[in-house]
Amino acid sequence: MLQALLYGTLTGVALCLTFGTVFFSLVQNSVDNGYRTGIKIAFGVFICDIIFVFFAIFGTALLPDIPNFQQWMAGAGVFFLTALGLSNIIRGQPQIAEPQTRFGNFLYYFTTGFLLNGLNPVNFISWVTIASYIRTNLHYNLNQVLLFFTASVIAVFLVESAIAVFAHRLKKLFTPRVVTIFNKVTGVIFILIACQIAYTNFLK
């Protein structure tokens, strides 16, 4: 059981260090609007990961039988990431967000994290691959599998929350010019990842 806990934690940490869309969104929003926004994004990723892990463990039989489901999800991801990317590239110097309500603020950033994570098919495939590996190669029983994934998703949330806090503490280094450049670079990265998803799912 201790091995499952350790491996699960290390897997969660490793998944956070891939420098994908979630990472750049965490840093960008934490610098622009405070570390709490980054934690809200991380929480959206956390809930999405729990859903992915549930289906990775217990199989996809409970998923609706939608023809070309992966392609539809990939298409939505391409659209979402392209829209975010263009928004970052086109807009000028970022302004501090002033949401109308706390719930609206929470829902916006939570949804952003959930969609950034959920609309990239690679994330779900990664959890399914990990589940298959630990069962086939490590021969984990159900209790060990549950402990492994519990440790993984909690580690992902804690590391992403730490990234948000760390980015906010470095805010003094992010002058308006630096933040503007960083946001535009982040926008380009979002669009490149959208192109990679499109190529993998529609052109390859």
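**Exercise 1. How close do the axes of helix α2 and α3 come, and at roughly what angle do they cross?** Then work out how the two helices are oriented and what their contact is made of.

*Solution.* We're working with a predicted model here.

- Step 1: Find the helices. Helix α2 covers residues 21-33, and helix α3 covers residues 35-58.
- Step 2: Look at the geometry. The axes of α2 and α3 come within 6 Å, and they cross at roughly 150°.
- Step 3: Name the orientation. Angles over 145 degrees count as roughly antiparallel, so α2 is roughly antiparallel to α3.
- Step 4: Pick out the contact. On the α2 side you'll find V22, S25, L26, N29, S30 and N33, and on the α3 side Y35, T37, G38, I41, A42 and V45.
- Step 5: Sort those residues. The contact of α2 with α3 has six nonpolar and six polar residues, and no charged ones.

**Exercise 2. Describe how α3 packs with helix α6.**

*Solution.*

- Step 1: Take the numbers. Helix α6 spans residues 121-136, and its axis is 9 Å from that of α3, at an angle of about 45°.
- Step 2: Put a word to the angle. α3 and α6 are therefore oblique to each other. Their crossing is right-handed.
- Step 3: List the partners. α3 brings D49, F52, V53, F55, A56 and I57, while α6 brings N123, F124, W127, V128, A131 and R135.
- Step 4: Sort them too. The contact of α3 with α6 comes to nine nonpolar residues, one polar and two charged.

**Exercise 3. How many aromatic pairs does the structure hold?** Then take a closer look at F54 and F58.

*Solution.*

- Step 1: Get the count. There are 15 aromatic pairs in the structure.
- Step 2: Zoom in on one. F54 and F58 make a tilted pair, 5.1 Å centre to centre with 45° between the planes.
- Step 3: Place the pair on the helix. Both F54 and F58 sit in α3, four residues apart, which is about one turn of the helix.
- Step 4: Check exposure. F54 has a relative accessible area of 36%, so it is partly exposed. F58, at 46%, is partly exposed as well.
- Step 5: Look for a cluster. F43, F46, F106, F110, F114 and F157 form one aromatic cluster.

**Exercise 4. Sum up the whole chain.**

*Solution.*

- Step 1: Count the elements. The chain has eight helices and zero strands.
- Step 2: Check burial. Of the 204 residues in the chain, 41% are buried.
- Step 3: See who touches whom. Among contacts with a separation of 6 or more, 88% link residues 24 or more positions apart.

How values were computed
Residues numbered from 1 in each chain as written. Predicted model: local features only at pLDDT ≥ 70, side-chain atom pairs only at ≥ 80, totals over all residues. Heavy atoms only, no water. Axes fitted to C-alpha atoms, helices over the stretch in contact; angles between N-to-C directions. Parallel < 35°, antiparallel > 145°, perpendicular 65-115°, else oblique. Left-handed = near helix turned anticlockwise from the far one by under 90°. Contact = heavy atoms within 4.5 Å. Nonpolar A, V, L, I, M, F, W, Y, C, P; charged D, E, K, R; others polar. Phe/Tyr/Trp six-rings, centres within 6.5 Å; stacked < 30°, edge-to-face > 60°. Buried < 20%, exposed > 50% of the residue type's maximum accessible area, 1.4 Å probe, protein only.
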